[in-house]
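Q: I'm new to this protein and would like a close look at just one part of it. Let's get the picture up before I ask.

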Amino acid sequence: MSEIKIIQGEINRDERGWISSLNAFRFEGVERFYIIHHPDASVIRGWHGHKHEKKWFYCLKGSFTLAFVRPDDWENPSDDLVPEIFTLTADDSKILCLPEGYANCIKAHEDGSMLLVFSGKILDEALLDSWRYDKNRWVDWAKIGR
């Protein structure tokens, strides 16, 4: 069973526009946030992992495919790890909660997509716990569609 959780939010629309909310989300453990802008949907960002950092992902604009693996050996992870794959879109208000111990890889489906990321570690701590792997490892991105 996956340790990755989704918190479903709400989108309320009327003639004035819409309000996207996540009333069930609590900021416990969040230390910072950043926004990833993908001006070009062909860009693949990853793999990037942290042994000790939790992350929360929320799509602000466009849509993304997010892939996650739990490395079995951080120095030399197995090539046969099976990623968990999720889609987030701005049209569906939900936040993906990723526990520590995962590597992630992200691809936008539309030019100009934006992803809000909350982190459980301050930047100095995150930089000391940063693991990177080739973006083409574990996922054939050519087969990942919207």
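How many residues line the largest pocket, and which of them lie nearest its centre?

A: Sixteen is the count: 16 residues line the largest pocket, and those nearest its centre are Tyr 34, His 48, His 50, Lys 55 and Arg 132. Before going further, remember that this is a predicted model, where local features need pLDDT of at least 70 and side-chain atom pairs count only at pLDDT 80 or more, while totals for chains, interfaces and linings use all residues. Residues are numbered from 1 along each chain as its sequence is written, and side-chain values use heavy atoms, leaving out hydrogens and water.

A pocket here is an open set of points on a 1 Å grid over the protein atoms alone where a 1.4 Å probe fits, with protein on both sides within 12 Å along at least five of seven lines, and a lining residue has an atom within 4 Å of a point. The space in the largest pocket comes to about 300 Å³, taken as what is filled by probe spheres set on the points. Who supplies the lining? Two or more residues each come from β4, β5, β6, β10 and α1 (123-127). (Helices of at least four residues, H or I, and strands of at least two, E, are DSSP runs numbered from the N terminus.) β5 gives the most, with four residues.

So let's follow β5 into its sheet. Five strands make up an open sheet, in the order β8-β7-β10-β5-β12, with antiparallel pairing. At the edges stand β8 (84-89) and β12 (131-132), and each has a single partner strand, so one side of each is left without a neighbour in the sheet. Two strands count as paired if DSSP finds at least two bridges between them. Strand β5 (residues 44-50) and strand β10 (residues 102-108) run antiparallel and are joined by six bridges. Across that pairing, Gly 49 has Ala 103 of β10 as its bridge partner, and His 48 stands opposite Asn 104 in β10. You've met His 48 already, as one of the residues nearest the centre of the largest pocket.

β10 itself is mostly covered, as seven of its seven residues are buried, meaning under 20% relative accessible area (exposed is over 50%, partly exposed in between, with a 1.4 Å probe and protein chains only). Tyr 102, Asn 104, Ile 106 and Ala 108 are buried on one side of β10, and Ala 103, Cys 105 and Lys 107 on the other.

Moving along the sheet, strand β7 (residues 63-69) pairs with β10 in the antiparallel sense, again over six bridges. Here Phe 68 stands opposite Asn 104, and Thr 65 stands opposite Lys 107. β7 is largely enclosed by the rest of the structure, because seven of its seven residues are buried. One of its faces holds Ser 63, Thr 65, Ala 67 and Val 69, the other Phe 64, Leu 66 and Phe 68, and both faces are covered. β7 also runs antiparallel to β8, with six bridges joining the two; across them, Ala 67 of β7 stands opposite Ile 85 in β8.

Back to β6, another contributor to the pocket lining, which leads to some aromatic rings. Across the whole structure there are 10 aromatic pairs (ring centres of Phe, Tyr and the six-membered ring of Trp within 6.5 Å; planes under 30 degrees apart are stacked, over 60 edge-to-face, the rest tilted). Phe 25 and Phe 27 make an edge-to-face pair, because their ring centres are 4.8 Å apart and their planes lie at 65°. The pair of Phe 25 and Trp 56 is edge-to-face too, with centres 6.3 Å apart and planes at 65°. Phe 25 lies in the loop between β3 (17-21) and β4 (32-38) and Trp 56 in strand β6 (residues 55-61), so this pair ties together parts that are 31 residues apart in sequence. Both Phe 25 and Trp 56 are buried, with Phe 25 at 8% relative accessibility. Together with Phe 27, Phe 33 and Phe 118, they form one aromatic cluster.
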